[in-house]
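Visitor: I am new to this structure, so please choose one part of it, look at that part closely, and then connect it with the rest.

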Amino acid sequence: MSATDMAATYMSAMGMVGALSPLLAAEASAEAHASGVEPGDLEQAVWLRLLERLDEDGPPSDPADWLRIAVRTEARRTRRTTGIELPYATEPADDSGPDPEQLALTAARRRALHSAVRRLPGRCPRLMAALLSPQDLTYREIAGELGISQGSLGPERSRCLGCLRRMLTAEVAADEPRG
């Protein structure tokens, strides 16, 4: 098809779209309810069929009649497809867990936290590592591991958390763009 022919076909299609839109909307609304499809979906399917026809055979000789037949054909096809397609008993994709992006962000935050914990002064890195341990150690176990009294563990933890908070606040403030 030459460029001139394509331009003529395009202009013809645009004229048909403008002329047939109200008719298609009315026909799709009338057929959609019975076929269990949204009128807009039915309209889109018919416009697609029209474009396919224009590409293969050119414009229909009687566009209004072709459109009515196309709407009914698409409605029948939709009814058949709906009868054949059955919903899954359960959702095939398990959306209950975090998605890969959330897992990556959580891992990045965890790495940043552990990196900051390692830079803490004194006994704080060992204390915070014990508190963050996946083993979920008790205060008694942590105190025994660090060789300090269980009573001093709370105040020490509080000082370490304050230091960590100041460190992370300074880092977050430094990372923000200015201006």
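Guide: What follows looks closely at helix 3 and then moves outward to other parts of the protein.

This is a predicted model, in which local features need pLDDT of at least 70 and side-chain atom pairs count only at pLDDT 80 or more, while totals for chains, interfaces and linings use all residues. Residues are numbered from 1 along each chain as its sequence is written, and side-chain values use heavy atoms, with hydrogens and water left out. The mean pLDDT (the predictor's confidence in each residue, from 0 to 100) is 83 for the protein, and 85% of the residues reach 70 or more. Confidence is lowest in helix 1, with a mean of 76, and highest in helix 5, at 91. Where pLDDT is low, the predicted coordinates should not be read in detail.

The protein has 7 helices and 0 strands, where helices (H or I, at least four residues) and strands (E, at least two) are DSSP runs numbered from the N terminus. Helix 3 has 22 residues, and from its first C-alpha to its last it reaches 31 Å, close to the 32 Å expected at 1.5 Å a residue; the expected span is 1.5 Å times one less than the number of residues.

The two sides of helix 3 can be told apart by burial, with buried meaning under 20% relative accessible area, exposed over 50%, and partly exposed in between (1.4 Å probe, protein chains only). W66, L67, A70, V71, E74, A75 and T78 are buried in helix 3. These residues lie on the same side of helix 3, because they cover an arc (taken from the directions from the helix axis to the C-beta atoms) of only 165 degrees around the axis. R80, G83 and I84, in contrast, are exposed on the other side of helix 3.

Charged side chains add a further layer to this picture. A salt bridge is a side-chain nitrogen of Lys or Arg within 4 Å of a carboxyl oxygen of Asp or Glu, and a search of the whole structure finds 8 of them. One joins E27 to R72, whose closest N and O atoms are 3.3 Å apart. Since E27 lies in helix 1 (residues 3-35) and R72 in helix 3 (residues 63-84), this pair ties together parts that are 45 residues apart in sequence. E27 counts as buried at 13% relative accessibility, whereas R72, with a relative accessible area of 33%, is partly exposed. The same two residues belong to a network of salt bridges that links E27, E31, R68 and R72.

A second salt bridge stays inside helix 3: R77 pairs with E74, and their closest N and O atoms are 2.9 Å apart. R77 and E74 are 3 residues apart in helix 3, and so are separated by about one helical turn. An α-helix has 3.6 residues a turn, so residues three or four places apart point the same way. E74 is buried at 3% relative accessibility, while R77 is partly exposed at 31%.

A similar spacing appears in helix 7 (residues 150-175), where R159 and E156 lie 3 residues apart, about one turn of the helix. Their side chains meet in a salt bridge of 3.3 Å, N to O. R159 is exposed, with a relative accessible area of 51%, but E156 is buried at 11%. The side chain of E156 also makes a polar contact of 3.3 Å with that of R123; such a contact is a pair of N or O atoms within 3.5 Å, where within protein one must be able to donate a hydrogen and the other to accept it, and residues adjacent in sequence count only if both atoms are side-chain atoms. Setting aside neighbours within four places in sequence, E156 is in contact (heavy atoms within 4.5 Å) with R123 and L127.

Helix 6 can be described in the way helix 3 was. Its buried residues are I142, A143 and L146, which cover an arc of only 100 degrees around the axis and therefore lie on the same side of helix 6. The face turned away from that buried side carries the exposed residues R140 and G144.

For the protein as a whole, buried residues make up 26% of the 179 residues.
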